[in-house]
Amino acid sequence: MTYKQLLHSRSLMITASSIVFPFYLLLIRNLGDSYSQFGLAYGIFALTAALSHPLIGSWSDRGGEKRLLILYTFGMAVVMLVIPVLTTITQVYIIQIIMGLLGALQKTAEKIVLSRQTDRAHTGKQVGHYHLWTSIWAALAVIATGYIIDFLTIGSLFYITSFMYVAAGVLIWQKPKTIELERHHSL
């Protein structure tokens, strides 16, 4: 996977998550009876992610970070399809465990790809550039969602983001075009 593939796919993933995050928080709050349930739901997510990072790091060493990112994108696509039909706080807790595991997959794999794809002499600049563009896409997604939500249902936002996660997965899955071009020119 190239730096450019990671940048494009991650920008799409962050855009997707930025679209639904505020509405997911409202869903959690509306299904729960108190803010403590909201806190517990987010705590379950964070704790699951924290406890799974070492295992995921080992998986990356064996199977590769590209596979982890593909698993993350398609896993999140499925989760986005399920969220609009959640009806109980227990279901939210289960989704939080799944999202914690998936989030750890993404976070670990992203850092590994970044470390392998940056030129050591310019690592800081490339990481800064990476975060610049992924953050801009997140901000634009939140702003745009504020305008389009008047025309859509909240559930439809989750379905749109599911499609965006699949598209990000396809971007990761593709072979880098630079390698294909090099092979073509060497023949």
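**Start on helix α4**

Welcome! Select Arg-116 first: this residue belongs to helix α4. Arg-116 counts as exposed because its relative accessibility is 52%, and exposed means over 50%. Keep in mind as you look around that this is a predicted model.

Now add Tyr-3 to your selection and draw a line between the two C-alpha atoms. Arg-116 and Tyr-3 are 113 residues apart along the chain, and their C-alpha atoms are separated by 8.8 Å.

**Along α4 to Thr-108**

Stay on the same helix and pick Thr-108, which also has its place in α4. Is Thr-108 buried or exposed? With 13% relative accessibility, Thr-108 counts as buried, since the cut-off for buried is under 20%. Show its neighbours, leaving aside residues up to four places away in sequence, and you will find that Thr-108 touches His-53, Ile-56 and Gly-57.

**Next stop: Ala-104**

Ala-104 is another residue of helix α4. Its relative accessibility is 1%, so Ala-104 counts as buried. Which residues does Ala-104 touch, not counting those up to four places away in sequence? They are Ala-49, Ser-52, His-53 and Ile-56. You have already met His-53 and Ile-56 as contacts of Thr-108.

Before you leave, try a distance from Ala-104 to Thr-118. These two are 14 residues apart in sequence and 21 Å apart in space, C-alpha to C-alpha.

**Over to α2 and α3**

Colour helix α2, residues 35-63, and helix α3, residues 65-82. Two packed helices are described by the angle between their axes and the distance between the axes. Here α2 and α3 pack at an angle of about 120°, and their axes are 7 Å apart. That angle makes α2 oblique to α3.

Which residues meet where the two helices pack? From α2, select Ile-56, Trp-59, Ser-60 and Gly-63; from α3, select Glu-65, Arg-67 and Leu-68. Colour them by type and you will see three nonpolar, two polar and two charged residues in this contact. Ile-56 is a familiar face, as Ala-104 touches it too.

While you are on α2, click on Ser-36, which lies in this helix. Ser-36 is exposed, because its relative accessible area is 53%. For a long view, draw a line from Ser-36 to Ala-77: the C-alpha atoms are separated by 28 Å, with the two positions 41 residues apart along the chain.

**Into the core**

What is the largest nonpolar core made of? This core has 46 residues, and those with the most contacts inside it are Tyr-24, Met-80, Ile-83 and Tyr-165. Elements that give two or more residues to the core are α1 (3-31), α2, α3, α4 (89-117), α5 and α6 (154-173).

Zoom in on Tyr-165. Not counting residues up to four places away in sequence, Tyr-165 touches Met-13, Ala-16, Ser-17, Tyr-72, Thr-73, Met-76, Ala-77 and Met-80. Ala-77 was the far end of your line from Ser-36, and Met-80 is one of the residues with the most contacts inside the core.

**Last stop: Thr-134 and His-8**

Move to helix α5, residues 123-148, where Thr-134 has its place. Thr-134 is buried, as its relative accessible area is 1%. Look for a polar atom of the Thr-134 side chain: the backbone oxygen of His-131 lies 3.3 Å from it. Beyond residues up to four places away in sequence, Thr-134 touches Leu-7, Arg-10, Ser-11 and Ile-14.

Finally, select His-8 in helix α1. His-8 counts as partly exposed, given its 43% relative accessibility. How far apart are His-8 and Thr-134? They are 126 residues apart in sequence and 8.4 Å apart in space, C-alpha to C-alpha.

Notes:
Residues are numbered from 1 along each chain as its sequence is written. This is a predicted model: local features need pLDDT of at least 70, side-chain atom pairs count only at pLDDT 80 or more; totals for chains, interfaces and linings use all residues. Side-chain values use heavy atoms; hydrogens and water are left out. Axes are lines fitted to C-alpha atoms, for helices over the stretch in contact, and angles run from 0 to 180 degrees between N-to-C directions. Helices (H or I, at least four residues) and strands (E, at least two) are DSSP runs, numbered from the N terminus. Angles under 35 degrees count as roughly parallel, over 145 as roughly antiparallel, 65 to 115 as roughly perpendicular and the rest as oblique. Contact means heavy atoms within 4.5 Å. Ala, Val, Leu, Ile, Met, Phe, Trp, Tyr, Cys and Pro count as nonpolar, Asp, Glu, Lys and Arg as charged, and the others, Gly among them, as polar. Buried means under 20% relative accessible area, exposed over 50%, partly exposed in between (1.4 Å probe, protein chains only). A polar contact is a pair of N or O atoms within 3.5 Å; within protein, one must be able to donate a hydrogen and the other to accept it, and residues adjacent in sequence count only if both atoms are side-chain atoms. A nonpolar core is a set of buried Ala, Val, Leu, Ile, Met, Phe, Trp, Tyr and Cys residues joined through side-chain atoms within 4.5 Å.
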